[in-house]
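Below is a brief report on two elements of one chain. Look at the structure first, then read on.

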Amino acid sequence: MNIIEIKALRKDYALGNTIVPALRGVDLAVREGDFMSIIGPSGSGKTTLLNVIGCIDFATAGSVAVGGRDITSLSDRQITDIRLNKIGFIFQTFNLIPVLNIIENIEFPLLLMKKSAAEARKRADKLIEEVGLKEYAVHRPAELSGGQRQRVAIARALVTNPDIVLADEPTANLDSVTGASILELMRQMNEIEKTTFIFSTHDAAVLKYARRIVKIKDGLIEQDPVAA
Amino acid sequence: MKLVLTIAGRNILRHKGKSAVIGVILFTGAFLMTVGNGVISGMAAGIEKNIIGGFMGDLVLISDAQKSDNILLDMMGTAIEPVTSYKKIKEILAAQSYVRNFLPVGKNLAMVLDENSATPGFAYLIGVDFAEYRKMFPDNFAVIEGSYPARGERAVLFPDFARGEFYNFYNIWFVPEGGGVVKENLSKEALAAADTLPVSSSVVMLGMSSGINSTSDIRFPIRGIVRYRALNKIFGHFCLVDIESYRECLGYFTAADMAAQVPKEEKKLLGLEGADLDAMFGGEEMLVSGYKAAPRKIIAEKIAVKNSEDGVYNAVFIKLADGAAYKDAVARLNKALAEAGTGVHAITWNKASGPMGSMALIIKSALFLFVTLLFCVAVIIIVNTLTMSALERASEIGMMRAIGAHKTFIAGMFLGETAILSSLFGVGGILAGIAAVRVIPLLHITTANDMLQLLYGGNYFNPLLSLPGVALTVLQLLVVTIIAALYPMRVAGNITPLDAISRD
């Protein structure tokens, strides 16, 4: 079953009077439980594609369905609810909340979902253990290394049991060893939680972890083994 | 809510500098608002106590012919129109349930004459029945020398402030009849010449009136020297005189005139002004031995005392019952007075007190404007600081939005930050303000400035805080908090997840 279906997706940016096309008619289908990488050079459109799938940016034309629901014509409130309930995000720069400690950062999305404090803490405890940071539970993000922060981000992305986790260059700010451990962790989580992972990268070393690799260039899908 | 407040509270601690700036503004604003409200309340209470309760009451009845409402402190000394229907007015006032007390008075300007000086001085006269005056205003002044006149006694109660002024003008120090110089009451200038101080226990005053009346110069025996308990520099211009002497001085019909049924104007026409008609037909020496008739003058004065309300007045001071509304009372009273054809109408004390009433309103308005300005400055600074804070945290806020925080959550976070700061620093400011308002009266801060005395509400700076006053400050703080948070909330709420990514 396809968790994501994209048809004829276009995304244009206006730079003054000039229209710059970032995506020029992308068709893509992602199966549930996939562990997929989008690769391509800088400016190819991979981040834009992830942003549109993650309801962070809006399509200029075409359709995007997440979990069978077209997201191109929803209100801000509905879009926010989809981001909260269906999608987890892992950012290149980790983006943790600096004033919350690690366990609070992980349970934050659950509290936004109005889960009880006890229920949120129980689920966050499980995730922090899975990412191996139990002893850092009450530390602030600033007290952790980059790799540790990205682990926290992974735990936070998974805490709501989302259908999809989107990771934009998750290893870009990490050294190769730490980056490899993060990808290994993401793959483990994919297997344990059965969550669909889509991550973008231009690092060739990362590709060995992906089960499916989609190549994108100049706003168009250049190579997709599934489509082929 | 707990999550919002947790993040808001920790953000305050994280951005200590900005929080301190907002906190100091809120503290200062709340402090000044509290003290400002205290000053306004104190002034209102002081005015009520000192002017309404101690000088002229809530309402004043004046003649319909009176052109200006300002009958109390007209600096030009314009004559006040006479009121000739007091007996009728009295009946109407007595029938009004919302009227607690009332006092008919004469009020006009008089020249103070001195045989050694060609230039006259001036004094405001208030002609009253001394006994009735004391009932209306029982404790508005203290008799510091001499005594309070008996009912019907012809005398003047001279204010010590005016005595000092007249000493500087005439070089005469007024003392009560039978009294001497009291050194501790001497003005600085008089004290310097204490050993050779020329004194007088009477004062000659010539009424200043208009129309057909002929005024007279009357020598008033000084019965006492008085000092007003509050606003002495303002009220101290007014000499209290007995109503009959006042009428004679101003050339009005006296009660004795009314009793004799010979109007003064007619006496004048007959060329008999000042003549003792009885004396033309015989004196006491003509009476048979052993038979003593009361002298004509004593009889007339006894009649005058008994029927003093028959003569002319200029105004009636009215105190309203507790809780009576001015607007309603004025409307009802004017209707009754008009229906009875009394030729007078009621006005409120602040209209009747002219610049003094207006000044109180101006000071109140100025303080209100000051507090409002303070609000605006506080709001602008807080809005700027919070907006800067929102923009600096765009990445963090955008990330929160990306992982599912609604706009309302982000807005709530900013409102929470402002609310926490308001609660801590604002309440601190209010408490400090309350403490200041309590401490200030203990310092007995005085002023020699007339207008400042109005602001003080009396001789001492006496700000006063009531529960509604504190509630008003809390409400003002709440309004500031909400207004100050609105724009930053909007800015923060409009930060998109894309902003978070594009700023990385």
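Why is strand 3 (residues 35-39) of chain A largely enclosed by the rest of the structure? The model is predicted. In it, 5 of the 5 residues of this strand are buried, so strand 3 of chain A is largely enclosed. Both of its sides take part. A:F35, A:S37 and A:I39 point one way, A:M36 and A:I38 point the other way, and all are buried.

Strand 3 of chain A also has strand partners. Strand 8 (residues 196-201) of chain A pairs with it in the parallel sense. Strand 9 (residues 212-217) of chain A pairs with it in the parallel sense too. The table lists both pairings.

| Partner of strand 3, chain A | Bridges | One bridge pair |
|---|---|---|
| Strand 8 (residues 196-201), chain A | 5 bridges | A:F35 with A:F197 |
| Strand 9 (residues 212-217), chain A | 4 bridges | A:I39 with A:K215 |

Now to helix 3 (residues 102-112) of chain A. This helix is mostly covered, with 11 of its 11 residues buried. Among them are the charged-letter positions A:E104 and A:E107, along with A:N105, A:F108 and A:P109.

What do the buried residues of helix 3 of chain A pack against? Within chain A, the partners are helix 2 (76-86), helix 4 (117-130) and helix 5 (146-158). From chain B, helix 1 (2-14) and helix 16 (407-439) join them. Helix 3 of chain A thus has packing partners in chain A and in chain B.

Just after this helix, the backbone is worth a look. There, A:K114 takes a positive phi of about 70°.

Conventions: Residues are numbered from 1 along each chain as its sequence is written. Chains are lettered from A and ligands numbered from 1 in the order in which they are written. This is a predicted model: local features need pLDDT of at least 70, side-chain atom pairs count only at pLDDT 80 or more; totals for chains, interfaces and linings use all residues. A residue is buried if 20 or more other C-beta atoms lie within 10 Å of its own, exposed if 12 or fewer, and partly exposed in between; C-beta atoms are placed from the backbone. Helices (H or I, at least four residues) and strands (E, at least two) are DSSP runs, numbered from the N terminus. Two residues are in contact if their C-beta atoms, placed from the backbone, lie within 7 Å. Two strands pair if DSSP finds at least two bridges between them.
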